[in-house]
Amino acid sequence: MIQAKEYKIGNWIVDWETEEKYFQIEEIRKYIGYEVWVYYRNGSIKCKEPEPIELSEEILLKCGFEKRMGLFVFGYFEIGLDGFDFVNNEKTIRINKCLSLKIKYLHQLQNLIHALTNEELTVIL
């Protein structure tokens with residue numbers, strides 16, 4: 001499980017026990033003892049270890065990536081189908097064809113794009 005402190009407000013998580021399934025984090029609270037909880041569904045649900053959304057072709061397309069010649073492309077970001085690591089279930093993301101990073105989850109992609117562009121990744125789930 002991913003610790004709540006790795007997320008930021010606006011990140012998407014999955015809740016398999018609900019019909020809707022995907023939710024955006026609305027609030028993050030830190031409590032005494034460094035315990036961190038995230039809240040979603042209008043604050044009605046909180047959890048300490050939210051379940052991340054694994055990157056897939058479907059998720060990348062819903063984030064605005066386009067599939068071109070074996071790559072998923074979004075501006076300067078490229079994720080190659082050949083860059084999939086079956087052992088660690090990670091994908092290699094290339095930025096401007098020179099920097100490569102390994103990511104596995106949607107919230108990591110959201111945070112990376114925000115850190116590099118200061119813009120939020122639009123995700124339609």
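## A polar pair to start with

A polar contact here is a pair of N or O atoms within 3.5 Å, where one must be able to donate a hydrogen and the other to accept it. The side chains of Asp-15 and Tyr-40 make one such contact, at 2.8 Å. Keep in mind that this is a predicted model.

## The overall layout

Let's take the whole chain before going back to single residues. It has two helices and ten strands, and along the sequence they run β-β-β-β-β-α-β-β-β-β-β-α. So where does the 125-residue chain stand on burial? Of its residues, 40% count as buried.

The accessible surface is about 7,800 Å², and carbon and sulfur atoms account for 51% of that. As for contacts between residues at least 6 apart in sequence, 36% of them join residues at least 24 apart.

## Two nonpolar cores

In soluble globular proteins, nonpolar side chains tend to be buried together. In this chain, the largest nonpolar core has 21 residues, and the members touching the most others are Phe-65, Leu-106 and Leu-109. Strand E1 (12-14), helix H1 (57-62), strand E8 (77-85), strand E9 (90-95) and helix H2 (106-117) each give two or more residues to this core. H2 puts in the largest share, with four residues.

Phe-65 is worth clicking on. Setting aside residues up to four places away in sequence, Phe-65 touches Leu-60, Phe-72, Val-73, Phe-74, Phe-77, Ile-79 and Leu-109. There is also a second, separate core of eleven residues, with Ile-2, Tyr-7, Tyr-40 and Tyr-105 among them. That is the Tyr-40 whose side chain pairs with Asp-15.

## Helix H2

How far apart should the ends of H2 be? At 1.5 Å a residue, its twelve residues should span 16 Å, and the end C-alpha atoms are indeed 16 Å apart, so the two agree.

Buried residues in H2 are Leu-106, His-107, Leu-109, Gln-110, Leu-112 and Ile-113. Just after the helix comes Asn-118, which has a positive phi, near 60 degrees.

## Asp-15, a buried acid

Asp-15 sits in the loop between E1 and strand E2 (22-24). Why does Asp-15 count as buried? Its relative accessible area is 11%, and the cut-off for buried is under 20%.

Besides Tyr-40, Asp-15 is in contact with Lys-21, Phe-23 and Ile-45, leaving aside neighbours within four places in sequence. Glu-51 is 36 residues away from Asp-15 in sequence, yet their C-alpha atoms are 6.9 Å apart in space.

## Asn-11, with no exposed area

Asn-11 is found in the segment before E1. Is Asn-11 buried or exposed? Asn-11 counts as buried because its relative accessibility is 0%.

What does the side chain of Asn-11 reach? One partner is the backbone nitrogen of Lys-8, at 2.7 Å. Another is the side chain of Gln-110, in a polar contact of 3.3 Å. Gln-110 is one of the buried residues of H2.

Leaving aside neighbours within four places in sequence, the contacts of Asn-11 are Glu-6, Phe-23, Gln-24, Ile-25, His-107, Gln-110 and Asn-111. Phe-23 turns up in the contacts of Asp-15 too.

How values were computed. Residues numbered from 1 in each chain as written. Predicted model: local features only at pLDDT ≥ 70, side-chain atom pairs only at ≥ 80, totals over all residues. Heavy atoms only, no water. Buried < 20%, exposed > 50% of the residue type's maximum accessible area, 1.4 Å probe, protein only. Contact = heavy atoms within 4.5 Å. Areas by Shrake-Rupley, 256 points an atom, 1.4 Å probe, with all protein chains shown as cover. Core = buried A, V, L, I, M, F, W, Y, C linked by side-chain atoms within 4.5 Å. Expected span 1.5 Å × (residues − 1).
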